[in-house]
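The following exercises are to be worked through with the sequence and the model at hand. Each task is followed by a solution in steps.

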Amino acid sequence: MDDNGCVPLHFAAWTGSTAAVRLLLEAAPQAATAVDSNGQTPMYGAALYGQQEAVQLLLQAAPAAATISNADGWLPTHAAASRGLASVLRVLLPGAPATAAAATDEGGWTPLALAARDGQVEAMQVLLAAAPKTAVLGTPDGLPLHIAANRGRLEAVQLLLQAAPEAAVARNERRRVPLHDAAELGHADVVQALLAAAPEAAAARDIDDCTPLAAALFWGPQVDAARCLLSAGPAAAVLGTLSRAMAPWTREALLPLFTDCVAAHARLSDAEWAFVPRPCPGLGTVLLAVLERSTAQAARLMAHLPAEDAQRLRSAALCLAGAQRRRHVSLPQPLVWHVLSLCLTH
């Protein structure tokens, strides 16, 4: 034993010297459960460093070693999961007690949560096959889905949604659903996946009374993530949140979201239009879409155009009307709208 409490079997296992592992196990089988000063067994080191054959030999010699945790409460399954070592997990889990796949460390983290944190999808598949219920086993940071969403691990999020769709609306200690974290950190692709799985999550409010849209806007702003959420709630709530997020330093980034919101909602009330800034640069790009819904809505849009856009549109309308009179033609209304909208999009 050296100064760190390691026996020769530790070194043989960590380096994958399988011949030496066999000889040492024959000479001293009890060494398979020896722990060093950090509480690590030879199996733990073999799992951490991806020594698959050494893990198999140690598991055969001492299955109980799979349940011996180190100073941080990590089992060999935690070590392999943290490194995404699916091949080691395939060896380890069938021979280890069923609780090894669901064990929590000192911080409350399961092997699945560790794998989800780093997007180790193959390792996650092995862990879920061994212990499906760990998909809804919480940590202080929430379920594995919260953790994957927070880190922007899209493939991990998709896998966890397949394993436990109900996790999309699960709350962590801050009463957040996974969509809050994905939105706040700007993971737009993850936001889309979570919304598709549970549209109702867009209305969830955390301990600070923030929706996912508010989380995207007030700590960023995360414009791409916020854009994904514009159609995921009532127009009044969405526009109200956008309006509250407006500040001198965010105005330029957020103005395009008002345009996107007008495009996303078929009809706005007078109270909802009141949230749209005046003027709202870029709003003219959705004129045609609004005209096709309602001329009354188009009139409201006109009132929010920058002065130069409104003047350009009036000039174009007068020119087009004059040209029709001179030529004694009357263009179809949809074509007139299309021509006029081009004045504001080019």
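A nonpolar patch, as the term is used here, joins nonpolar side chains within 5 Å, taken from residues with over 30% relative accessible area and no salt bridge. The model is predicted.

**Exercise 1. A surface patch and its helix**

Determine which residues make the nonpolar surface patch of about 190 Å², and whether Ser 341 is buried or exposed.

Solution. Step 1: the patch is formed by Leu 331, Leu 335 and Val 339. Step 2: Val 339 belongs to helix α21, which covers residues 333–345. Step 3: with a relative accessible area of 32%, Val 339 is partly exposed, and this value lies over the 30% that patch membership requires. Step 4: Ser 341 is also found in helix α21, but Ser 341 counts as buried because its relative accessibility is 4% and the limit for that class is under 20%. Step 5: Leu 291 lies 50 residues from Ser 341 along the chain, and the C-alpha atoms of the two are separated by 9.3 Å.

**Exercise 2. Two helices that cross**

Describe how the axes of α2 and α4 are arranged.

Solution. Step 1: helix α2 spans residues 18–27 and helix α4 spans residues 52–61; their axes come within 9 Å. Step 2: the axes cross at roughly 15°. Step 3: angles under 35 degrees count as roughly parallel, and α2 and α4 are therefore roughly parallel to each other. Step 4: the crossing of α2 and α4 is right-handed.

**Exercise 3. Salt bridges**

State how many salt bridges are counted, and examine the pairs of Arg 117, Arg 227 and Arg 312.

Solution. Step 1: a pair qualifies when a side-chain nitrogen of Lys or Arg is within 4 Å of a carboxyl oxygen of Asp or Glu; by this rule the count is 12 salt bridges. Step 2: Arg 117 meets Asp 118 at 3.2 Å, N to O. Arg 117 is partly exposed at 22% relative accessibility, and Asp 118 is partly exposed at 24%. Step 3: Asp 224 pairs with Arg 227, the closest N and O atoms being 3.2 Å apart. These two residues are three apart in helix α14 (residues 223–229), so about one helical turn separates them. Step 4: Arg 312 and Asp 309 form a bridge at 2.9 Å, N to O, and both lie in helix α20 (residues 307–327), about one helical turn apart. Arg 312 is partly exposed at 39%, whereas Asp 309 is buried at 13%. Step 5: elsewhere, salt bridges that share partners join Arg 176, Asp 181, Glu 184 and Asp 206 into one network.

**Exercise 4. Backbone geometry in loops**

Locate the cis peptide bonds before Pro 221 and Pro 279, and the positive phi values of Arg 175 and Asp 209.

Solution. Step 1: most residues other than glycine have a negative phi, and most peptide bonds are trans. Step 2: the bond from Gly 220 to Pro 221 is cis, with omega near -5°; Pro 221 is placed in the loop between α13 and α14. Step 3: a cis bond also joins Arg 278 and Pro 279, with omega about -5°, and Pro 279 sits in the loop between α17 and α18. Step 4: Arg 175 has a phi near 60° and lies in the loop between α10 and α11; its relative accessibility of 44% makes it partly exposed. Step 5: Asp 209 has a phi of about 65° in the loop between α12 and α13, and Asp 209 is partly exposed at 49%.

How values were computed: Residues numbered from 1 in each chain as written. Predicted model: local features only at pLDDT ≥ 70, side-chain atom pairs only at ≥ 80, totals over all residues. Heavy atoms only, no water. Patch = residues over 30% accessible without salt bridge, like charges linked within 9 Å, V, L, I, M, F, W, Y side chains within 5 Å. Areas by Shrake-Rupley, 256 points an atom, 1.4 Å probe, with all protein chains shown as cover. Helix = DSSP H or I, 4+ residues; strand = E, 2+ residues; numbered from the N terminus. Buried < 20%, exposed > 50% of the residue type's maximum accessible area, 1.4 Å probe, protein only. Axes fitted to C-alpha atoms, helices over the stretch in contact; angles between N-to-C directions. Parallel < 35°, antiparallel > 145°, perpendicular 65-115°, else oblique. Left-handed = near helix turned anticlockwise from the far one by under 90°.
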